[in-house]
Amino acid sequence: MEVKTHKLLSLDELTEKILSYDPSADITLLRKAYFFSHEAHCSQKRREGTPYIDHPLSVASILADMHMDTTSIIAGLLHDTVEDTETNLEDIKGLFGGDVAFLVEALTKLSKMQFKSKKEAQAENFRKMFLAMAEDIRVILIKFADRLHNMRTLKHLPESKQKRIAQETLDIYAPLANRLGIGWMRAEFEDLSLKYLQPEIYKNLLKKVAKRREEQEVYINDVSKKIRKRLIEYNIPGFISGRVKHLYGIYKKMLDQNIPFEQVYDVLGLRIITDTKSHCYEILGIIHSLWKPIPGRFKDYIALPKSNLYQSLHTSVIGPQGERVEFQIRTQEMHRIAEEGIAAHWMYKEGGRVLEKDAKYIKWLRELIQTQKDLRDAKEFLEVVKGEVVPEVVYVFTPRGEIRELPAGSTPVDFAYSIHTEVGHHCVGAKVNGRIVPLRYNLQSGDTVEIIRSPSHGPSRDWLNFVVTQRAKTRIKQWLKAEERKQSLELGTKMLETEFRRKGLSPKLMKSPEMEEAARKFSMKSPEDLLVAVGYGKVSVHQVVNRFLPEEEEEEEIVFTKPKKRKKGSSGISIKGIDNVLYHTARCCHPVPGDSLVGFVTRGKGVTIHREDCPNLNRLAVDDARLIDVTWTPPEAETTPAKLLIETLDQPGMLATLSSIISSMEVNISQLSVNTTDDKRAHFTIIVEVENRDQLSSLIQKIVSTEGVLRVKR
């Protein structure tokens with residue numbers, strides 16, 4: 001169906017429209033807002049050359065079509081004044097009140113902030129809008145009206161902008177309108193987006209739908225007469241009308257099912273609107289008695305409403321001459337909600353608050369903002385929102401028969417977290433319809449799900465690869481973060497205690513005022529945060545211990561990114577044929593006493609000591625004249641850094657196990673980092689302080705023999 005052209009209303013026509021549904025509206029204030037906006041935008045024109053005031057007036061008209069309150073319509077008239085003119089929010093608040101000022105501020109882009117890119121700015125604008133929307137739902141309804149008028153006039157923009165705005169509308173505004181139940185707006189958003197994103201496909205579908213409508217008009221009228229006759233016989237009131245599926249819906253069906261237009265059977269259908277719920281079911285019975293229903297095509301959204309409160313009975317039958325016909329059956333109230341969604345429940349006397357019975361419309365949004373409030377990245381927040389407004393859902397049951405609505409693709413883990421966070425945390429298995437299924441199983445509508453729990457079990461990082469709900473993702477990440485912090489705290493405490501004892505310091509200092517001062521010096525909020533940072537490897541043990549040593553006893557920290565340089569003889573290294581030269585050990589291979597060594601003369605930087613099997617020597621060997629023999633016999637009690645790469649299974653407690661093994665060998669850890677992979681592996685990079693190669697070999701052997709460790713290499 002062609003997107004209709006819309007005539008611009010005059011101010012008088014707008015006021016007449018508002019008074020038709022709200023006789024008590026403050027028309028004086030409304031007119032004042034119109035003239036204020038007209039004056040503010042007086043020198044501006046739209047891209048098509050029309051006065052700019054046409055845009056806010058059109059936005060106000062769309063809001064009036066939605067039967068919005070006067071405050072919303074005034075905000076619609078003023079929504080661009082702060083952003084595009086010299087007007088400020090104080091002017092708006094003084095003239096039109098705090099509610100209007102709040103709405104205008106929420107709708108004003110963050111133009112004064114500096115962003116790295118347009119995408120970042122767009123994401124931050126959306127974030128601001130959603131936060132305001134959770135507080136006052138009118139924000140998004142005004143934004144919908146603004147975007148709809150911009151889409152209706154999109155032809156005046158350059159093609160690149162048309163496509164960018166159309167894609168944004170399809171990705172965000174259309175699914176959000178659907179989630180809020182505003183069916184007509186969702187359909188127009190989608191059709192207008194298709195018009196600019198796929199212009200040839202749009203034109204082609206337009207022609208084919210018009211032709212199909214013309215061909216089947218007589219047929220649809222014939223089917224309608226048969227049903228109307230039966231309704232009269234049974235004394236059931238009912239209004240029957242033809243329904244044309246919107247173009248994007250047809251296009252999506254062709255894509256999803258990989259079929260041509262000719263095989264889309266529900267392009268045309270019939271909608272029957274009656275007075276009561278019981279009559280809906282009676283009409284369904286009449287239709288099924290007249291024609292054979294198609295198996296699998298019946299959906300009862302009255303008993304199981306969609307998340308946006310949509311209710312209707314859907315059925316498809318093999319009608320006269322073997323043609324497929326789709327029916328929607330609903331009450332007048334259901335039809336109003338299906339078309340207008342949250343706007344159908346609007347109470348303009350409530351000052352922007354959604355009534356408790358309608359709060360489920362935006363409950364998901366409030367929960368989303370609560371769980372994602374710590375997200376610093378606006379782009380990540382936007383992706384989360386996109387995931388939440390996807391319309392496809394499944395309906396599953398608890399063992400007690402309670403219904404749970406989840407996004408399509410949800411798993412038993414998503415279901416567990418929807419019940420309670422602790423149920424999700426301790427989930428070890430699941431039964432679906434009485435049979436044990438994998439935790440990755442995709443739930444289907446009608447499934448009865450039972451979660452198997454174990455108090456000693458915790459979430460796995462692997463779950464993040466298959467859960468789909470934001471609630472589950474957020475709770476799993478929070479648990480993993482807390483667990484990592486706990487393990488890092490244990491490790492950091494153990495490492496620091498060991499080093500304190502080695503330096504003759506009392507471990508009691510870790511709970512002293514000096515420790516609090518040390519934490520502040522490292523810009524940490526508390527000593528615990530400092531210990532966690534040591535466990536993570538962000539702060540070295542030496543840096544902390546040096547804070548407690550007298551100045552003359554401070555130990556020089558081993559910094560691996562900038563190796564220290566020493567003179568020959570300082571620790572027992574002999575470099576053949578060269579005296580009094582600076583040298584340092586290579587970062588690439590971390591040689592230790594006992595290794596076979598080679599020195600490489602670095603111009604201006606002395607000698608770099610490598611292990612003989614260092615892979616970098618192949619590159620350096622092009623200049624053999626710069627390679628020299630080295631022997632190393634360090635003094636007693638001196639330790640040398642060695643780097644270990646350890647691959648393990650990704651399982652709880654592995655970090656603590658490794659640190660315990662290393663500590664039992666009286667070896668100190670100076671740096672540690674860890675990352676995990678999708679195949680449930682953990683990769684540890686640990687720099688340890690060892691006396692010689694023999695001690696390092698013994699340590700490697702002990703780590704290799706530990707359960708869960710897959711391999712260790714230097």
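Two strands are said to pair if DSSP finds at least two bridges between them. By that criterion, β18 and β20 of this predicted model are paired, running antiparallel to one another over 10 bridges. One of the residue pairs along this ladder brings together Ala642 and its bridge partner in β20, Val688.

The pairing of β18 with β20 belongs to a wider arrangement. An open sheet is built from four strands in the order β19-β20-β18-β21, with antiparallel pairing. The strands at its edges are β19, residues 668-676, and β21, residues 709-713, each of which pairs on one side only. From one strand to the next, the twist averages 20 degrees. Against this sheet packs helix α26, formed by residues 693-704, which touches β18, β20 (681-690) and β21. The direction of α26 makes about 10 degrees with that of β18.

Strand β18 itself spans residues 640-649, and its antiparallel pairing with β21 extends over four bridges. Two residue pairs can be picked out here for anyone following along in the structure: Ile646 has Val712 of β21 as its bridge partner, and Glu647 has Arg711 of the β21 strand. As for its surroundings, β18 is largely enclosed by the rest of the structure, because seven of its 10 residues are buried.

A second sheet offers a useful companion view. This open sheet has three strands, in the order β10-β9-β11, and the pairing is antiparallel. Since β10 and β11 each have a single partner strand and stand at the edges, one side of each is left without a neighbour in the sheet. The twist here averages 35 degrees from one strand to the next. Strand β9, residues 427-432, is joined to β10 by three bridges, and these two strands run antiparallel. Among the residues involved, Lys431 has Ile436 in β10 as its bridge partner. Helix α18, residues 412-419, packs on this sheet and touches β9, β10 and β11, with a direction that makes about 85 degrees with that of β11.

The loop that runs between β10 (435-437) and β11 (449-453) contains Tyr441. With a relative accessible area of 25%, Tyr441 is partly exposed, as this value falls between the 20% cut-off for buried residues and the 50% cut-off for exposed ones. Once residues up to four places away in sequence are set aside, Tyr441 touches Ser410, Thr411, Pro412, Val432 and Asp447. One of these, Thr411, is 30 residues from Tyr441 in sequence, yet the C-alpha atoms of the two are 5.5 Å apart in space. Another, Asp447, makes a polar contact with Tyr441, side chain to side chain, at 3.2 Å.

Attention can now turn to the empty space inside the model. Rolling a probe the size of a water molecule over the atoms shows where empty space is left. Searching the whole structure gives two cavities of 30 Å³ or more, and the largest cavity has a volume of about 70 Å³. The residues that line the largest cavity are Leu491, Lys494, Met495, Thr498, Ser659, Ile662, Ser663, Val667, Asn668 and Ile669. Three elements, α20 (470-502), α25 (654-664) and β19, each supply at least two residues of this lining. The greatest share comes from α20, which gives four residues to the lining of the largest cavity. The β19 strand thus appears in two settings, as an edge strand of the four-stranded sheet and as a contributor to the lining of the largest cavity.

Helix α20 also holds Gln487. At a relative accessible area of 14%, Gln487 is buried, because that value is under the 20% cut-off. Leaving out neighbours within four places in sequence, the residues in contact with Gln487 are Pro652, Gly653 and Leu655.

Some totals help to set these local views in context. The protein chain has 26 helices and 21 strands. Of its 714 residues, 48% count as buried. Among contacts in the protein chain with a separation of 6 or more, 65% are accounted for by residues 24 or more positions apart.

Methods:
Residues are numbered from 1 along each chain as its sequence is written. This is a predicted model: local features need pLDDT of at least 70, side-chain atom pairs count only at pLDDT 80 or more; totals for chains, interfaces and linings use all residues. Side-chain values use heavy atoms; hydrogens and water are left out. Buried means under 20% relative accessible area, exposed over 50%, partly exposed in between (1.4 Å probe, protein chains only). Contact means heavy atoms within 4.5 Å. A polar contact is a pair of N or O atoms within 3.5 Å; within protein, one must be able to donate a hydrogen and the other to accept it, and residues adjacent in sequence count only if both atoms are side-chain atoms. Axes are lines fitted to C-alpha atoms, for helices over the stretch in contact, and angles run from 0 to 180 degrees between N-to-C directions. On a 1 Å grid over the protein atoms alone, a cavity is a set of points where a 1.4 Å probe fits but cannot get out, and a pocket is an open set with protein on both sides within 12 Å along at least five of seven lines; lining residues have an atom within 4 Å of a point. Grid points are joined across faces, edges and corners, and a volume is the space filled by probe spheres set on the points.
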